Amino acid sequence: MTEKGDIELGYLTEKSIKMGPVDAVDGRRINKSEYASKKSVAEGMMDIALLTANANQLRFLIAYNTGSQTFYVSLGLLILSLVLQVAVGIALIFKRQMKIKGRKNQASHMNDYIVGGIFLVTVINVLAASFTITEKAN
């Protein structure tokens, strides 16, 4: 078998390990900085999508559910989620600056806080979705 055949079948050879990972779509070698930039763009788009969805859910809550029993709980959870998302976004900017300036230890600690923040946002969004009640129209 050729090396390309080895890589396509999932077998690793010593030479293929030294050369780095291969893109599964077109067989090109992956540049680490290119991968990191694509990953960052994808994360940014997902963050914007979540922020937009939460803002839309907040608008829906204020427009249609002001009389609901869980209105204030849902309102508080959505506002808290939006504030935490903005804080995580700002922390990501600071983490990037720390990495650029060579403070990798501080960037690692910042990353731990960011992961915790993202976990909290996820839990809060699940709670907000479960407390949002839509009433049937008569």
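This passage describes the packing of helices α3, α4 and α5 in a predicted model.

Helix α4 spans residues 71-100. With 30 residues, α4 reaches 44 Å from its first C-alpha to its last, close to the 44 Å expected at 1.5 Å a residue. Helix α5, formed by residues 104-131, shows a comparable agreement: its 28 residues should span 40 Å at 1.5 Å a residue, and its end C-alpha atoms are 40 Å apart. Just after α4, Gly-102 adopts a positive phi of about 85 degrees.

The axes of α4 and α5 come within 9 Å and cross at roughly 160 degrees. Because angles over 145 degrees count as roughly antiparallel, α4 and α5 are roughly antiparallel to each other. The crossing in which α4 passes α5 is left-handed. By class, 20 nonpolar, 7 polar and 2 charged residues take part in the contact of α4 with α5.

Helix α3, comprising residues 32-64, packs against α4 at an angle of about 160 degrees, with the two axes 10 Å apart. The helices α3 and α4 are therefore roughly antiparallel to each other, and α3 passes α4 in a left-handed crossing. On the α3 side, the contact involves Asp-47, Leu-50, Leu-51, Asn-54, Ala-55, Gln-57, Leu-58, Leu-61 and Ile-62. These residues meet Phe-71, Ser-74, Leu-75, Leu-78, Ile-79, Ser-81, Leu-82, Gln-85 and Leu-92 of α4. The contact of α3 with α4 divides into 12 nonpolar residues, 5 polar residues and 1 charged residue.

Between α3 and α5, the packing angle is about 30 degrees and the axes lie 12 Å apart. This angle makes α3 roughly parallel to α5, and α3 passes α5 in a left-handed crossing. Leu-50, Asn-54 and Gln-57 of α3 make the contact with Val-121, Asn-125, Ala-128 and Ala-129 of α5. Of the residues in this contact of α3 with α5, 4 are nonpolar, 3 are polar and none is charged. Leu-50, Asn-54 and Gln-57 of α3 are thus listed in the contact with α5 and also in the contact with α4.

Burial was next examined along α4 and α5. In α4, the buried residues are Phe-71, Ser-74, Leu-75, Leu-77, Leu-78, Ser-81, Leu-82, Gln-85, Val-88, Ala-91, Lys-95 and Met-98. The elements that cover these α4 residues include α3 and α5. Among the buried α4 residues, Phe-71, Ser-74, Leu-75, Leu-78, Ser-81, Leu-82 and Gln-85 also appear in the contact with α3. In α5, burial is found at Ala-107, Met-110, Ile-114, Gly-117, Val-121, Ile-124, Asn-125 and Ala-128. The cover over these α5 residues includes α3 and α4. Val-121, Asn-125 and Ala-128, listed as buried in α5, also take part in the contact with α3.

Asn-125 brings the three helices together in a single set of contacts. The residue is placed in α5 and has a relative accessible area of 15%. Asn-125 therefore counts as buried, the cut-off being under 20%. Leaving aside neighbours within four places in sequence, Asn-125 is in contact with Leu-50, Asn-54, Ser-81 and Gln-85. Of these partners, Leu-50 and Asn-54 belong to α3, whereas Ser-81 and Gln-85 belong to α4. Ser-81 and Gln-85 are themselves among the buried residues of α4.

Technical notes: Residues are numbered from 1 along each chain as its sequence is written. This is a predicted model: local features need pLDDT of at least 70, side-chain atom pairs count only at pLDDT 80 or more; totals for chains, interfaces and linings use all residues. Side-chain values use heavy atoms; hydrogens and water are left out. Axes are lines fitted to C-alpha atoms, for helices over the stretch in contact, and angles run from 0 to 180 degrees between N-to-C directions. Helices (H or I, at least four residues) and strands (E, at least two) are DSSP runs, numbered from the N terminus. Angles under 35 degrees count as roughly parallel, over 145 as roughly antiparallel, 65 to 115 as roughly perpendicular and the rest as oblique. A crossing is left-handed if the near helix is turned anticlockwise from the far one by less than a right angle, and right-handed if clockwise. Contact means heavy atoms within 4.5 Å. Ala, Val, Leu, Ile, Met, Phe, Trp, Tyr, Cys and Pro count as nonpolar, Asp, Glu, Lys and Arg as charged, and the others, Gly among them, as polar. The expected span of a helix is 1.5 Å times one less than its number of residues. Buried means under 20% relative accessible area, exposed over 50%, partly exposed in between (1.4 Å probe, protein chains only).
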